[in-house]
Amino acid sequence: MKILFVGDASNMHNCLAQALRDLGHTAIVASNGSHWMNTHRDINLKRSPGKIGAMKYVLDVLRALPKMRGFDVVETCDDIFLDLKPAKVRRVFDWLKQHNRCMVMGAIGTDYVYYQACHDGKTYRYSDYMVGDKPSPYALSSEYQAKHEDNWKLPLMREHSNHILGNIDGAISCLWEYHECYKPLLGDKLAYGGIPIDTASVEPIILDREPEKVKFFIGIQHDRNILKGTDLLLEAARRTVDRYPTRCELTVVESVPYDEYIKMLCSSHVLLDQLYSYTPATNALLAMARGLVAVSGAEPEFYDLIDEHDNQPIINVSPLIEGDIDAKLEWLVQNKNEIPNLSRLSREFVVKHNDAHVVAQRHIDFYKKLLTAK
């Protein structure tokens with residue numbers, strides 16, 4: 001098949017495209033390089049700041065369109081897959097639909113449908129925006145209220161979402177959260193793909209004995225600190241180290257080059273990742289592929305979706321249970337003899353469920369189903 005990806009997030013589409021090529025397909029990525037990550041793309045659609053940058057970006061998109069026709073499948077990165085206002089994105093979408101066989105939306109980030117599900121009081125027990133029936137710390141933050149509070153509430157966002165959903169052939173999700181909110185809307189037109197990880201390129205460092213001290217690791221991103229609950233994970237980790245200073249230690253990384261980040265990560269045992277998630281995302285999965293234990297989201301709903309009932313190595317933390325993070329970190333310190341086994345199981349989990357070729361094959365199977373039905 002000939003497959004075009006438009007847009008990318010956290011290198012997902014680039015990684016997936018590489019795996020599809022390995023399996024004998026043609027795969028092209030047109031993206032902005034996942035913003036600051038500057039990931040590989042075949043068609044560069046990176047927008048520069050300012051009015052001149054905006055005009056140049058529109059010209060870049062128009063020049064790219066002739067290269068974006070004649071594909072069996074076009075998969076977009078959510079419904080806002082270009083750095084343009086919804087009305088302009090919609091015009092590009094309609095052109096892509098007219099000039100290609102099959103349109104698929106990748107449900108891989110926050111959009112109108114996910115935002116509404118976070119606030120409906122029934123889809124999730126907690127989310128980035130709500131914890132139980134109360135606003136999350138992020139929803140109460142000045143950053144959210146200044147920048148994001150009304151974005152997904154606008155009628156134009158609902159209209160845009162309805163237009164895209166009404167004209168795609170199918171959608172494929174990367175997390176349980178996105179799968180769950182689209183399931184009532186799309187039914188059989190929805191498939192679960194998962195997040196692809198190039199496990200062959202990640203050398204595992206599996207512990208073969210109990211560590212003397214448990215080495216916790218956390219990376220700080222200021223623009224996502226409260227959103228992902230990293231602030232609360234950090235506070236709990238510091239309390240744990242204060243209680244057990246001879247049995248554990250904490251490395252906090254902030255704004256360092258990627259190579260240095262990986263080096264420090266690989267000398268650790270436990271990654272503290274996210275609090276408000278049901279599913280381990282890219283950062284946790286990459287760490288697990290290296291043999292680290294991930295403290296993140298791994299709720300029963302996620303394991304049920306992927307039909308995994310034996311190997312569940314992720315340390316799930318819940319924002320609904322007071323003291324849950326402290327209890328889970330304390331358990332790791334008091335049971336550090338379990339870390340070598342959790343290290344091995346973590347690598348096995350990612351290879352089984354998130355290896356790039358495994359995820360690519362799920363996409364291939366779904367694409368074939370959609371193309372057969374046309």
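**Entry 1: the five-stranded sheet**

I began with one residue pair: isoleucine 218 has leucine 272, in E12, as its bridge partner. The coordinates I was reading are those of a predicted model. I then looked up the strands around this pair. Strand E10 covers residues 214–220 and strand E12 covers residues 270–272. I found 3 bridges between E10 and E12, in the parallel sense.

Next I looked at what packs on the sheet. Helix H9, residues 258–266, touches E10, E11 and E12. I noted an angle of about 155° between the direction of H9 and that of E10. Helix H13, residues 339–353, also packs on the sheet, and its contacts are E10, E12, strand E13 (293–296) and E14. The direction of H13 makes about 80° with that of E13.

I then wrote down the strand order. This is an open sheet of 5 strands, E11-E10-E12-E13-E14, and the pairing is parallel. Which strands stand at the edges? They are E11 (248–254) and E14 (315–316). Each of these has a single partner strand, so one of its sides has no neighbour in the sheet.

**Entry 2: the seven-stranded sheet**

I turned to the other open sheet, in which 7 strands follow the order E3-E2-E1-E4-E5-E8-E9 with parallel pairing. Strand E3 (43–44) and E9 are at the edges; each pairs with a single strand, so one side of each lacks a neighbour in the sheet. Helix H3, residues 86–99, packs on this sheet and touches E1, strand E4 (73–77) and E5. I noted about 135° between the direction of H3 and that of E5. Helix H7, residues 176–186, lies across E5, E8 and E9 and runs at about 160° to E9.

I checked strand E1, residues 2–6, for burial. It is mostly covered, with 4 of its 5 residues buried. E1 is joined to strand E2, residues 26–31, by 5 bridges in the parallel sense. Within E1 and E2, I picked out phenylalanine 5, which stands opposite valine 29 in E2.

**Entry 3: strand E8 and its partners**

I gave strand E8, residues 170–173, a separate look. Which way do its residues point? Gly170 and Ile172 point one way, Ala171 and Ser173 point the other way, and all are buried.

I then followed E8 to its partners. Strand E5, residues 102–107, runs parallel to E8, and 4 bridges join the two. Glycine 106 is opposite isoleucine 172 in E8, and valine 104 is opposite glycine 170 in E8. With strand E9, residues 190–192, E8 pairs over 3 bridges, again in the parallel sense. The bridge partner of alanine 171 in E9 is leucine 190.

**Entry 4: cavities**

How many cavities of 30 Å³ or more does the structure hold? I found 2. The largest cavity has a volume of about 40 Å³. I listed its lining as Cys174, Leu175, Tyr192, Gly194, Ile195, Thr279, Pro280, Leu285, Phe302 and Asn354. By class, I counted 7 nonpolar, 3 polar and no charged residues in that lining.

The second largest cavity holds about 30 Å³ of space. Its lining is made of Tyr114, Cys118, Tyr124, Tyr126, Ser127, Glu177, Tyr276 and Tyr278. I sorted these residues into 6 nonpolar, 1 polar and 1 charged.

**Entry 5: the second largest pocket**

Last, I looked up the second largest pocket, which has a volume of about 180 Å³. Val58, Val61, Leu62, Leu65, Leu84, Lys88, Arg91, Val92 and Trp95 line this pocket. Which elements give two or more residues to its lining? They are helix H2 (50–64) and H3. H3 supplies the largest share, with 4 residues. I had already met H3 in Entry 2, where it packs on the sheet against E1, E4 and E5. By class, the lining of the pocket has 7 nonpolar, no polar and 2 charged residues.

Definitions and conventions:
Residues are numbered from 1 along each chain as its sequence is written. This is a predicted model: local features need pLDDT of at least 70, side-chain atom pairs count only at pLDDT 80 or more; totals for chains, interfaces and linings use all residues. Side-chain values use heavy atoms; hydrogens and water are left out. On a 1 Å grid over the protein atoms alone, a cavity is a set of points where a 1.4 Å probe fits but cannot get out, and a pocket is an open set with protein on both sides within 12 Å along at least five of seven lines; lining residues have an atom within 4 Å of a point. Grid points are joined across faces, edges and corners, and a volume is the space filled by probe spheres set on the points. Ala, Val, Leu, Ile, Met, Phe, Trp, Tyr, Cys and Pro count as nonpolar, Asp, Glu, Lys and Arg as charged, and the others, Gly among them, as polar. Two strands pair if DSSP finds at least two bridges between them. Contact means heavy atoms within 4.5 Å. Axes are lines fitted to C-alpha atoms, for helices over the stretch in contact, and angles run from 0 to 180 degrees between N-to-C directions. Buried means under 20% relative accessible area, exposed over 50%, partly exposed in between (1.4 Å probe, protein chains only).
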